[in-house]
Amino acid sequence: MQSLVSMSFADPTEIREFPHGRLELFDLHGSAVGRFVLEPGWHWSRDVAPLVGTETCQQRHVAYLLTGNLHVAMNDGSYGVVKAGEVVHIEPGHDAWTVGEDTVTILDFADVATYAVDTAALRAAH
């Protein structure tokens, strides 16, 4: 196995599209990095939930917002707005949506390999 792997952000391994956005996935030999591009009006519970079959996002995120503002509402009732230039750690059990008219661009370094994948299909495969 190579001990050094690099990729260009111009050439993702995979692109997963969903309403109002997409995930560009970069597979670095088992370590995945994701670039989310979320258009104004994107809302997880409307645009991604139907794809994965859960009421809230069950992914963990360790991310950096490059552009835009993202409102995150946790299942426990806590919430906040993450802004461009900030880093964030979000545990599973949340909803999120874009705020304002700017596209939200996020680099995510945790658990992105299974984002926007039908979780029932994954369970059935194992």
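**View 1. His-29, at 44% relative accessibility, counts as partly exposed and sits in a turn of this predicted model.** The value of 44% places His-29 in the partly exposed class because it falls between the limits of 20% and 50% relative accessible area. His-29 belongs to the loop that links strand 2 with strand 3, and its phi is near 50°, a positive value in a residue other than glycine. Most residues other than glycine have a negative phi. The two strands on either side of this loop form a hairpin with two residues between them, and His-29 is in the turn.

**View 2. Strand 2 and strand 3 pair in the antiparallel sense.** Strand 2 covers residues 21–28 and strand 3 covers residues 31–38, and eight bridges join the two. Among the facing residues, Asp-27 stands opposite Ala-32 in strand 3, and Glu-24 stands opposite Arg-35, again in strand 3. In a regular strand the side chains alternate between the two faces of the sheet.

**View 3. The hairpin of strand 1 and strand 2 holds a residue with positive phi, His-20.** Two residues lie between the strands of this hairpin, and the phi of His-20 is near 65°. Five bridges connect strand 1 with strand 2 in the antiparallel sense, and one of the pairs brings Glu-14 together with its bridge partner Leu-25 in strand 2.

**View 4. Six strands make up an open sheet with antiparallel pairing.** What is the order of the strands in this sheet? The order is 1-2-3-9-4-7. Strand 1 (14–18) and strand 7 (87–90) stand at the edges, where each has a single partner strand, so one side of each is left without a neighbour in the sheet. From one strand to the next, the twist averages 25°.

**View 5. Strand 4 pairs with strand 9 and also with strand 7.** Strand 4, residues 61–67, runs antiparallel to strand 7, and the pairing extends over four bridges; here the bridge partner of His-61 is Ile-90 in strand 7. The pairing of strand 4 with strand 9 is likewise antiparallel and has four bridges, and in it Leu-65 stands opposite Ile-106 in strand 9.

**View 6. A nonpolar patch on the surface is formed by Val-62, Tyr-64, Leu-66, Val-87 and Phe-109.** Together these residues have about 440 Å² of accessible area. Which strand gives the largest share of the patch? Strand 4 does, with three residues. Another member of the patch, Val-87, lies in strand 7, and Val-87 counts as exposed because its relative accessible area of 66% is over 50%.

**View 7. Val-33 is found in strand 3.** Is Val-33 buried or exposed? Val-33 counts as buried, because its relative accessibility of 14% is under the limit of 20%. When neighbours within four places in sequence are left aside, Val-33 is in contact with Glu-24, Leu-25, Phe-26, Leu-28, Asp-108, Phe-109 and Val-112. One of these contacts, Phe-109, is also a member of the nonpolar patch. Although Val-33 and Ala-113 are 80 residues apart in sequence, the distance between them in space is 8.0 Å, C-alpha to C-alpha.

**View 8. Asp-111 has a positive phi although it is not a glycine.** The phi of Asp-111 is about 60°, and the residue is found in the loop between strand 9 (104–108) and helix 3 (119–125). With 38% relative accessibility, Asp-111 counts as partly exposed.

**View 9. An open sheet of three strands has the order 6-5-8.** The pairing in this sheet is antiparallel, and its edge strands are strand 6 (79–83) and strand 8 (94–99), each of which pairs on one side only. The twist from one strand to the next averages 25°. Strand 5, residues 69–74, is joined to strand 8 by six bridges, and the two run antiparallel. Within this pairing, the bridge partner of His-71 is Trp-97 in strand 8.

Methods
Residues numbered from 1 in each chain as written. Predicted model: local features only at pLDDT ≥ 70, side-chain atom pairs only at ≥ 80, totals over all residues. Heavy atoms only, no water. Pairing = 2+ DSSP bridges. Axes fitted to C-alpha atoms, helices over the stretch in contact; angles between N-to-C directions. Buried < 20%, exposed > 50% of the residue type's maximum accessible area, 1.4 Å probe, protein only. Contact = heavy atoms within 4.5 Å. Patch = residues over 30% accessible without salt bridge, like charges linked within 9 Å, V, L, I, M, F, W, Y side chains within 5 Å. Areas by Shrake-Rupley, 256 points an atom, 1.4 Å probe, with all protein chains shown as cover. Salt bridge = Lys/Arg side-chain N within 4 Å of Asp/Glu carboxyl O.
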